Amino acid sequence: MKFFLPLRTKFIVLFCLLITVPLLLIGTITYTKYRSDVERNTLELTHQIVDQIRINLDRYIKEAERLTLTPHYDDNVMEILRRHDGPHREQIYLTTDETTKMNLFISSLSFDRSEIEAMIIFANDGSVFSNLDLTVKRSWDRQSSQWMERVKEEDGGLAILPPHDATYYTDPKKVVSIARVIREPYTNRMLGIVKVDLTGRGFEKILDDISLTNRSVLQIRDKNGELLYASSGTDQVREDDYIAATV
């Protein structure tokens with residue numbers, strides 16, 4: 001049994017195919033190209049954001065790095081560290097003159113800097129000098145200062161320390177820090193360590209002008225890939241939403 005369609009119906013079906021098929025093809029091609037352009041533009045924008053963050057981070061770290069170099073150029077600081085260059089001791093005696101000179105020196109560098117939690121100088125014999133008299137102990141414990149080994153490994157270079165236990169505070173806390181070994185200029189002998197503990201405000205200032213989506217997470221990591229700081233818009237984040245900058 002043969003089935004015949006009226007000529008009018010055939011024309012209607014033909015016109016529908018002629019219109020629908022090209023529209024579907026055009027729509028598919030347009031969507032694919034649009035999606036590709038959006039992904040490419042998003043990737044380029046992400047690279048620009050990371051580059052800008054990296055530039056700001058470099059400026060921030062270099063400014064903090066200069067603080068770790070200043071003890072080498074202060075005769076009073078170097079002389080006090082030479083006096084405390086003996087073996088590590090449990091009981092430390094600091095004169096009022098030593099404490100006053102070191103506190104004035106450190107306070108002048110850290111004054112009105114909200115990005116600095118504390119600036120601390122550790123002498124070889126266990127003495128501690130800081131701009132925080134009430135919240136930082138007067139001596140450091142060798143067994144609770146594993147982070148010092150990482151600073152010594154840099155051999156006088158700048159060490160960026162990811163979150164670690166700072167037991168020299170009267171109320172121990174985790175901090176992100178930069179630190180450097182202080183060396184005698186003429187003999188290259190280690191006299192101590194200068195350490196700058198950073199607050200989150202410094203990183204927050206760097207990210208203030210960065211626009212992120214609600215699902216984006218921006219992470220700042222050190223050269224070893226260890227997390228220094230993370231900014232998140234929401235708790236539900238996909239892996240593709242991560243943006244990372246390295247110090």
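**Cavities, cores and rings**

Author: About 40 Å³ of space lies in the second largest cavity. This is a predicted model, in which local features need pLDDT of at least 70 and side-chain atom pairs count only at pLDDT 80 or more, while totals for chains, interfaces and linings use all residues. Residues are numbered from 1 along each chain as its sequence is written, and side-chain values use heavy atoms, with hydrogens and water left out.

Reader: What makes this space a cavity, and which residues line it?

Author: On a 1 Å grid over the protein atoms alone, a cavity is a set of points where a 1.4 Å probe fits but cannot get out, and lining residues have an atom within 4 Å of a point. Grid points are joined across faces, edges and corners, and the volume is the space filled by probe spheres set on them. Tyr60, Glu63, Ala64, Leu67, Arg113, Glu115 and Ile116 line the second largest cavity. Helix 1 (residues 7-69) gives the largest share, four residues; helices here are DSSP runs of H or I, at least four residues, and strands are runs of E, at least two, numbered from the N terminus.

Reader: How do the lining residues divide into nonpolar, polar and charged?

Author: Four are nonpolar, none polar and three charged. Asp, Glu, Lys and Arg count as charged, Ala, Val, Leu, Ile, Met, Phe, Trp, Tyr, Cys and Pro as nonpolar, and the others, Gly among them, as polar.

Reader: How many cavities of 30 Å³ or more are there, and how much space lies in the largest?

Author: The count comes to two, and the largest holds about 70 Å³. Its lining includes Leu94, Asn103, Phe129 and Arg138. Strand 2 supplies three residues, the largest share; helix 3 (96-110) and strand 2 (128-130) each supply at least two. The lining divides into five nonpolar, three polar and three charged residues.

Reader: Phe129 lines that cavity; what makes a nonpolar core, and which members of the largest one touch the most others?

Author: A nonpolar core is a set of buried Ala, Val, Leu, Ile, Met, Phe, Trp, Tyr and Cys residues joined through side-chain atoms within 4.5 Å. Buried means under 20% relative accessible area, exposed over 50%, and partly exposed in between, with a 1.4 Å probe and protein chains only. The largest core has 37 residues, and Leu81, Ile121 and Phe129 touch the most other members. Helix 1 gives this core its largest share, seven residues. Apart from it lies another core, of 18 residues, Tyr169 and Ile193 among them.

Reader: Why is the pair of Phe122 and Trp147 called edge-to-face?

Author: Rings of Phe, Tyr and Trp (its six-membered ring) pair if their centres lie within 6.5 Å; planes under 30 degrees apart are stacked, over 60 edge-to-face, and the rest tilted. The rings of Phe122 and Trp147 are 5.2 Å apart, centre to centre, with 65° between the planes, so the pair is edge-to-face. Phe122 lies in strand 1 (residues 116-123) and Trp147 in helix 4 (residues 147-153), so the pair ties together parts 25 residues apart in sequence. Both residues are buried.

Reader: How do you know what kind of pair Trp147 and Tyr168 form?

Author: Their ring centres are 6.3 Å apart and the planes stand at 70°, so this pair is edge-to-face. Trp147 lies in helix 4 and Tyr168 in the loop between strand 3 and strand 4, so the pair ties together parts 21 residues apart in sequence. Trp147 and Tyr168 are both buried. Phe122, Trp147, Tyr168 and Tyr169 form one aromatic cluster.

Notes:
On a 1 Å grid over the protein atoms alone, a cavity is a set of points where a 1.4 Å probe fits but cannot get out, and a pocket is an open set with protein on both sides within 12 Å along at least five of seven lines; lining residues have an atom within 4 Å of a point.
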